[in-house]
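Me: Could you walk me through this one slowly? I would like to see how each label is earned.

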Amino acid sequence: MTDDNIIRPDFDTLHLQVRRQPDTLYCRHGQVLLDDVARKVYCASCNAELDPFTVLLRIARDEMKLQYERREIAKLQHKLTALKNDERNTKARLQRARRRLKEVESDG
Ligand SMILES: [Zn+2]
């Protein structure tokens with residue numbers, strides 16, 4: 001196979017333009033603008049029209065993640081409360097032991 005049949009563009013005279021299609025499925029920006037008259041969803045940063053279902057899915061996933069994190073925080077707060085109680089009880093036992101030690105030392 002030879003390259004003889006291939007027509008090569010003359011890049012010195014050719015003017016290429018690429019028109020980017022609006023990003024309707026995904027936008028990296030995080031802020032959403034709702035047009036309640038047109039019932040459309042746009043990116044508040046770059047004004048790209050967004051797919052409403054994709055936006056709803058992202059919000060739902062964020063909410064699920066938030067609910068998981070709230071449960072984890074509640075578990076950690078419960079553990080922290082238990083640790084603080086253990087610490088308070090340990091300090092009280094230590095104080096009692098020191099007092100008894102002083103009593104024993106003063107008696108001896
Ligand atoms: Zn955007």
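Me: What is the bridge partner of Leu34 in strand 2?

Reply: Leu34 has Val41 as its bridge partner there. Keep in mind that this is a predicted model, where local features need pLDDT of at least 70, side-chain atom pairs count only at pLDDT 80 or more, and totals for chains, interfaces and linings use all residues. Residues are numbered from 1 along each chain as its sequence is written.

Me: How do you know that strand 1 and strand 2 pair?

Reply: Strands (E, at least two residues) and helices (H or I, at least four) are DSSP runs, numbered from the N terminus. Two strands pair if DSSP finds at least two bridges between them. Strand 1 (residues 32–35) and strand 2 (residues 40–43) have 4 bridges, in the antiparallel sense, so they pair by that definition. Among the partners, Leu33 is matched with Tyr42, and Asp35 stands opposite Lys40.

Me: What lies between strand 1 and strand 2 in their hairpin?

Reply: There are 4 residues between them, and Arg39 in the turn has a positive phi of about 55°.

Me: What makes strand 2 and strand 3 a pair?

Reply: They share 2 bridges, again antiparallel, and at least two are needed, so strand 3 pairs too. One of the partnerships joins Val41 to Leu50 of strand 3. This hairpin has 5 residues between its strands, with Asn47 in the turn at a positive phi of about 65°.

Me: Why are strand 1 and strand 3 said to stand at the edges?

Reply: The open sheet of 3 strands has the order 1-2-3. Strand 1 and strand 3 each have a single partner strand, so one side of each is left without a neighbour in the sheet.

Me: How do you know that helix 1 lies largely in the open?

Reply: A residue is buried if 20 or more other C-beta atoms lie within 10 Å of its own, exposed if 12 or fewer, and partly exposed in between, with C-beta atoms placed from the backbone. Of the 56 residues of helix 1, 0 are buried, so the helix lies largely in the open.
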